[in-house]
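These notebook entries record what I looked up in one structure, entry by entry. I begin with a single residue and then turn to the whole chain.

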Amino acid sequence: MKTVIQAIMSSIIIHVTYMVAMMVVGYINTRNYKLDIEGAWEKVEMLQNEVAFGKSSSPFLYLLTFIVVAVICGWIIFSYKMLVSKQVL
């Protein structure tokens, strides 16, 4: 049971680290953005024809990645414990 809790905590730490890193990268990109109004007017034909579409992922995707990462972490922890216990004997 201790391995399961460690795997879940590892998955939480990995997901929180990923989300914080994405926020920091977005913040840095926003802070360093330089608006070029004059350059935008030079390409007015292209700007009128381009449309950007976005997508959002399902919250179930995060649940699935959480479970998969927890299973992988659990396998790594279990393998490490088995390796260490064999070396002690």
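**Entry 1. A residue in the last helix**

Is Ile 77 buried or exposed? I noted first that the model is a predicted one. I then looked up the relative accessible area of Ile 77 and found 17%. Buried means under 20%, so Ile 77 counts as buried.

I located Ile 77 in helix α4, which covers residues 59-88. Next I asked which residues Ile 77 touches, not counting those up to four places away in sequence. The list reads Thr 3, Gln 6, Ala 7 and Ser 10. For Thr 3 I also looked up the separation of the C-alpha atoms: it is 6.8 Å from Ile 77, although the two residues are 74 residues apart along the chain.

**Entry 2. The chain as a whole**

I counted the elements of the protein and recorded four helices and zero strands. From the N terminus on, their order is α-α-α-α.

I then checked the burial of the 89 residues, of which 9% count as buried. The protein exposes about 8300 Å², and carbon and sulfur atoms supply 71% of that area.

**Entry 3. Confidence**

How confident is the predictor in this model, on average? The mean pLDDT of the protein is 85, and 80% of the residues score at least 70. Among the elements, I found the highest mean, 94, in helix α1 (residues 2-31). The lowest mean, 57, belongs to helix α3 (residues 44-49).

**Entry 4. Helix α1**

I looked up the span of α1 from its first C-alpha to its last and obtained 43 Å for 30 residues. This is close to the 44 Å expected at 1.5 Å a residue.

Which residues of α1 are buried? I recorded Ala 7, Ser 11 and His 15. Of these, Ala 7 had already appeared among the residues that Ile 77 touches.

**Entry 5. Ser 11**

Ser 11 is found in helix α1. Its relative accessibility is 0%, and therefore Ser 11 counts as buried. Leaving aside neighbours within four places in sequence, I listed its contacts as Phe 66, Val 69, Ala 70 and Cys 73.

**Entry 6. His 15**

His 15 also lies in helix α1. Why does His 15 count as buried? Its relative accessibility is 13%, and the cut-off for buried is under 20%.

With neighbours within four places in sequence left aside, His 15 is in contact with Tyr 62, Thr 65, Phe 66 and Val 69. I looked more closely at Phe 66: its backbone nitrogen lies 3.5 Å from a polar atom of the side chain of His 15. Phe 66 and Val 69 are also listed among the contacts of Ser 11.

Notes:
Residues numbered from 1 in each chain as written. Heavy atoms only, no water. pLDDT = per-residue confidence, 0-100. Helix = DSSP H or I, 4+ residues; strand = E, 2+ residues; numbered from the N terminus. Buried < 20%, exposed > 50% of the residue type's maximum accessible area, 1.4 Å probe, protein only. Areas by Shrake-Rupley, 256 points an atom, 1.4 Å probe, with all protein chains shown as cover. Contact = heavy atoms within 4.5 Å. Expected span 1.5 Å × (residues − 1). Polar contact = N/O pair within 3.5 Å; in protein donor to acceptor, adjacent residues only side chain to side chain.
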